[in-house]
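I set out to record how the parts of this protein are arranged and what lies around its ligand. My notes follow the order in which I looked things up.

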Amino acid sequence: MAGIYIHVPFCQSRCAYCDFYSTTLLTHRAMYVDTLCRELRHRLPELQGQKIETIYFGGGTPSTLTIDELSKILRCIKESATLNNSINQEITLEANPDDLKDEYVQGLLTLPINRISLGIQSFHNPTLRLVGRRHTAQEAIDAVLRLQQAGLTNISIDLIYGLPGETIDDWSYSLDQAISLGVKHISAYHLTYEEGTRLWRMKELGLAQPIDEEQSVLSFELLREKLLSAGYEHYEISNFAQPDYHSRHNSSYWQGTPYIGIGPGAHSYDGHTRRWNLSDLTAYLATPHGEDVPHEEEHLTEDEHYDERIITELRTSQGIDLNKLLTDLGERYHSYCLQCAAPYIHRGQLIHTHDNHLHLTPESILISDAVMRDLLW
Ligand code: SF4
C-alpha cells in the first residue's frame, strides 16, 4: 500500500499567514503539468508495483489547475502505476472556495476525485479580509452546498483559530457554521506567525496582535466541545472526522506508509529515506528530459526513525504503538520511550493502555510539544 502526493505550487494571490511554497505566476501551469507528468513516469517505479491507495493534490491551490490539466495528471498516474481500483481508493483535491464555480464542479464529476479539502479558515468576513482570503463567508458556504448538491459529499474544511482580531464569539460562530454544513471532516489549526509572512511583519509593526494563552486554551476547548457534541471524532491533534471519514492519506503519513511526493517542494518517504524536491519552480521546469528533478535526500538512522515515530504517532488518538516499536526498533528504544514517558504517565498526562499504546489526554494535547521533546532520543 502506498500514496502519491502532488504539489501544485500556484495560488491566485498570497494569504498573509501562509509560508507554503507557491507562486502567483499561473502562466507556467502548462509547462508545470508536462514536467510533473515526466517526473511521475520517472519516479512511479520507486513504488515497485505497490497498490496506490491514496492520491492527494495539495498546494498551493490545486483548484487553480483546469479540469483538463487535472485529467492529464490522473491519466498519467493511471498509465504508470498499479492503482487500487477498489471503492476505497481516496483521491483528494485541495480547493479554494472561489475556484468552485458551477462549471468547475461539474468538471470535477468527470474525474475520479472523490474527496475535496476546502481552505475556508474562518466564517468571519473582517478576519477573512484581514488575512487576504479571496472569498467571503457566504461564498465558502455556497461552494460547500454546490459540491454537496453535485454529489461530492466527502468534504473536509480547514479552519484557523487565533487569527488577529478574532474573538472567542467569532470562533464559536465559525465552528457553528462549519457544523451546520454537515461536512465530513474538519481540520483546525492554531495560527502560527511564520517568519517572512505578511502577518509576521504586521505583528512586528504592532498591526496584528497574537491572542493570549487564555484565549488559545479556550479556543481549543471550544473546538473539542462543539465538534465532539456534533459527532466528530478527534483522531489527530488538528483533525476531526465523522466516523469512517478519517483522512486516509494523512493517516498514512502518521503510520509511516511509503509515499512519493511529486512537484516542486514535495516530500517523499519510502520507509528508510526522506527526499524533498527543491522549492524552486524555475529549476523544476528546467529539468532536462530523462533526468530526475532537483532534490535532496537523507537516509534515516535508527535514532531518527525512533524520533519520527514519536512525532507522528503521538499526534494521533491511538498514540504510539509500543508493540510495533519493540518489533521494529528493539528493546533499547522501547524501554527508553517508557522511561521518558513515566513522569507523564504518573501525572495522568499520558495514558499507557492495556494493549500497549501510549497516548495523550485531551488536556495534555495543549502541552504536546513539550511531551514530544521529552520523549525524543
Ligand atoms: S493559504 Fe492556500 S491559497 Fe493562501 S497562499 Fe497559502 S497555499 Fe495559497
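Domains. I began with the division of the chain in this predicted model. I noted two domains, with domain 1 covering 2-253 and domain 2 covering 301-377. I then looked up the separation of their C-alpha centres, which is 29 Å. For the contact between them, I recorded eight residues from domain 1 and eight residues from domain 2.

The domain 1 side. I next asked which elements of domain 1 each supply at least two residues to the side that touches domain 2. I found α8 (213-229) and β7 (233-236). I also sorted the residues of this side of domain 1 by class: five are nonpolar, one is polar and two are charged.

Y235. I turned to one residue of strand β7, Y235. Is Y235 buried or exposed? I entered Y235 as buried, because 20 C-beta neighbours lie inside 10 Å and the cut-off for a buried residue is 20 or more. I then listed the contacts of Y235, leaving aside neighbours within four places in sequence: A241, H246, T316 and S317. I also checked Y235 against Q318; their C-alpha atoms are separated by 7.7 Å, although the two residues are 83 residues apart along the chain.

Ligand. Last, I looked up which residues surround the ligand. I listed C11, R14, C15, C18, F20 and S22, together with G59, G60, T61, N96 and G119. By class, I counted four nonpolar, six polar and one charged residues in this shell.

Notes:
Residues numbered from 1 in each chain as written. Predicted model: local features only at pLDDT ≥ 70, side-chain atom pairs only at ≥ 80, totals over all residues. Domains from an automatic or database assignment. Contact = placed C-beta atoms within 7 Å. Helix = DSSP H or I, 4+ residues; strand = E, 2+ residues; numbered from the N terminus. Nonpolar A, V, L, I, M, F, W, Y, C, P; charged D, E, K, R; others polar. Buried ≥ 20, exposed ≤ 12 C-beta atoms within 10 Å, placed from the backbone. Near = placed C-beta within 6 Å.
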